[in-house]
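User: Hey, I'm new to this one. Can you walk me through it?
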Amino acid sequence: MKTKLIPLILLFLVMVRCTTEMINEKPPLAKVEPVEDVYFGKKVADPYRYMENLQDTVVLNWLKQQSDYAREVLNNIPGRQSLIEKMMEFEDRTTTQSSWPTITENDRYFYTKTTTPDLITKVYFKLNKESEEELLFDPGSFEADSNKVYQLANYFPSHDGSNVAIALMQKGLEIPLRIIINVDSKELYPERLERSFNFTWLPDGNGFLHQPLSSGDRHDPGLWSNTKIYHHILNTDPSNDREIFSREKYPEFNLTPEDVNIPFIFNGCNFIFVGAATTDRRLNIFYAPIHELGKDKISWKRLFGREEEVYSFRVTENDLYILTPKDAPNFKILKTSLNNPDVANAELVIAENPNARISNFRLTKEGLFYTLTFNGVEEKVYFLAFGTTKAVELKLPISAGSIYLATKGFKYSDLWLGI
C-alpha cells in the first residue's frame with residue numbers, strides 16, 4: 001500500500017511545482033510591524049499584530065492577494081477539474097445520508113436523514129426496529145410563512161420516546177431555538193426556549209435541564225461566559241425556569257467564567273450531573289440527588305476534579321466507573337463507590353494494554369464493554385461480565401477501523417455497535 005502511495009504523492013508534488021512555476025506573479029510577503037509586550041519581565045515581539053484588525057484595508061488586500069494566488073495555483077493543476085467531476089459523480093449516487101439512531105428504553109428508534117439535492121436534514125422515527133419509518137419533523141415546514149430559514153442543530157428524545165426536544169438554528173446565526181414535539185400527535189408544545197444549548201431530559205419525561213447561552217448575539221465575546229443551568233417543566237413558560245447551577249449560585253466551587261456548565265443524566269441513576277467543561281479534556285464533575293431538584297439550594301458535591309485525570313465515566317445505581325490515563329498512558333478503567341467516591345483508591349477493573357489504547361466503554365445489565373485502538377487504525381471490542389476478571393473479545397463480521405458503542409443504560413442488556 002505504502003509503495004503505491006509514495007509515487008502518487010511524488011507525482012502530485014511535481015505537478016504542483018510545475019504548475020506554480022508557470023504562474024509568474026507571486027503575492028508580496030506580509031510587512032513586518034513588530035509590537036513588543038512584556039510577560040514576566042521578558043520582552044516578546046509580535047511582528048504581525050496588525051493582522052488582527054480585519055477592518056484594515058492593508059490586511060484585507062494582502063489576504064485577497066494570497067487567496068487569488070492560491071486559487072490560481074489550484075486551478076492550474078492538470079486533471080483537477082476531471083477529478084472534481086468524478087468525485088461529484090460519486091456524490092450524486094448517494095440520495096440520502098442517515099445518522100446513527102438513538103434508541104429509547106421502549107425501543108423506539110430516532111434518527112436523521114439528509115436528502116439530496118435539497119440537503120435538508122429531517123428527523124424520523126420508528127415505533128420499533130421492524131415498523132415503518134415516519135417523518136417526525138421537517139425544519140423546512142417550521143414557520144414556513146416567515147422569511148426565516150431554519151436548519152436542524154440537534155435532537156433529544158425523552159427516555160420513553162414520547163417527546164423529542166429539537167434545536168433549530170436560523171442559517172448564519174448559530175443561536176439555537178429549542179422546541180418540543182409530541183411524537184404520537186406530532187404537535188408542538190407551546191414553549192420556545194431561546195438560546196437553549198446543552199440539554200438533558202429528566203427520567204419522568206415531564207421536564208429537562210438545559211443551559212442557555214449568555215447572549216443572543218453570536219459575536220458577543222461573553223456568549224459562553226458564566227453559563228447557568230435551568231430546570232424547565234414541560235408545557236410551561238420558560239421565563240419561570242429555575243436556575244439550579246451556576247458560578248454565582250455556588251461560589252464555593254471556585255468555577256471560572258470560562259467553565260461551560262453542561263447537565264446530563266444516566267438513565268436509571270438517582271443522581272443528576274453537571275460537567276464544568278473547558279478545553280481541558282480532564283473532567284470536572286459535580287452531582288446531586290435527583291430528588292433535590294425542587295429545592296432552592298441543592299446539595300451539589302464534587303464527584304471528581306481535573307487533578308484526578310478522569311476522561312470519561314459511567315455509573316450504575318451504586319458504582320462509578322472511570323477511564324483515566326493516570327499512571328497508564330494507554331488508559332485503564334477503575335471502579336469506586338458512587339455514593340462515597342474515592343478515585344485515588346479505586347479498584348482496577350481493566351488494566352492498561354501496552355499495545356493498544358482503551359478508547360471507549362459502556363455498561364449494560366450484564367457487564368462492561370470497551371474498545372481497544374491498535375496503532376490508531378484498527379479497533380476491537382471486548383466484554384467483561386460482572387463478577388469475572390477476564391475480558392473476552394467479540395468477534396465482528398468485518399474488521400473495524402473504529403467502533404461506536406451505544407446502550408440504553410445499565411439496566412438493559414442491549415448493545416449496539418457502529419463499525
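User: Let's start with two aromatics: are phenylalanine 245 and tyrosine 250 buried or exposed?
Analyst: Phenylalanine 245 is buried, and tyrosine 250 is buried too. Keep in mind that this is a predicted model.

User: How many aromatic pairs are there?
Analyst: The count comes to 29 aromatic pairs. Phenylalanine 245 and tyrosine 250 make a stacked pair, because their ring centres are 5.8 Å apart and their planes meet at 20°, with under 30 degrees counting as stacked.

User: OK, and what about phenylalanine 266 and phenylalanine 273, how are they arranged?
Analyst: That aromatic pair is edge-to-face, with 5.4 Å from centre to centre and 85° between the planes. Phenylalanine 266 has a relative accessible area of 13%, so it counts as buried. Phenylalanine 273 is at 0%, so it is buried as well.

User: Which aromatic cluster do those two belong to?
Analyst: One made up of Phe264, Phe266, Phe271, Phe273, Tyr287, Phe304 and Phe313.

User: Any charges sitting over rings? What lies over the face of tyrosine 250?
Analyst: Lysine 297 does, at 4.3 Å from the ring centre. Another case is lysine 113, whose charged end sits over the ring of tyrosine 124, 5.0 Å from the centre of that ring.

User: Switching to the core: which residues in the largest nonpolar core touch the most other members?
Analyst: That core has 33 residues, and the ones touching the most other members are Phe273, Leu303, Phe304, Phe313, Ile333, Leu338 and Tyr370.

User: Take leucine 303, then. What is it in contact with, leaving aside neighbours within four places in sequence?
Analyst: Leucine 303 contacts Phe273, Ile285, Phe286, Tyr287, Phe313, Leu320, Leu338 and Pro341. There's also another core lying apart from the largest one, with 18 residues, including Val123, Tyr150, Ile179 and Val183.

User: New topic, the strands. In what order do the four strands of the open sheet come?
Analyst: The order is 8-9-10-11, and the pairing is antiparallel. Strand 8 (150-157) and strand 11 (193-194) are at the edges with a single partner strand each, so each has one side without a neighbour in the sheet.

User: And how many bridges join strand 9 to strand 10?
Analyst: Seven, between residues 163-170 of strand 9 and residues 176-182 of strand 10.

User: Which residue in strand 10 is the bridge partner of alanine 165?
Analyst: That's isoleucine 180.

Key
Residues numbered from 1 in each chain as written. Predicted model: local features only at pLDDT ≥ 70, side-chain atom pairs only at ≥ 80, totals over all residues. Heavy atoms only, no water. Core = buried A, V, L, I, M, F, W, Y, C linked by side-chain atoms within 4.5 Å. Buried < 20%, exposed > 50% of the residue type's maximum accessible area, 1.4 Å probe, protein only. Contact = heavy atoms within 4.5 Å. Pairing = 2+ DSSP bridges. Helix = DSSP H or I, 4+ residues; strand = E, 2+ residues; numbered from the N terminus. Phe/Tyr/Trp six-rings, centres within 6.5 Å; stacked < 30°, edge-to-face > 60°. Lys NZ or Arg CZ within 6 Å of the ring centre and 35° of its normal.
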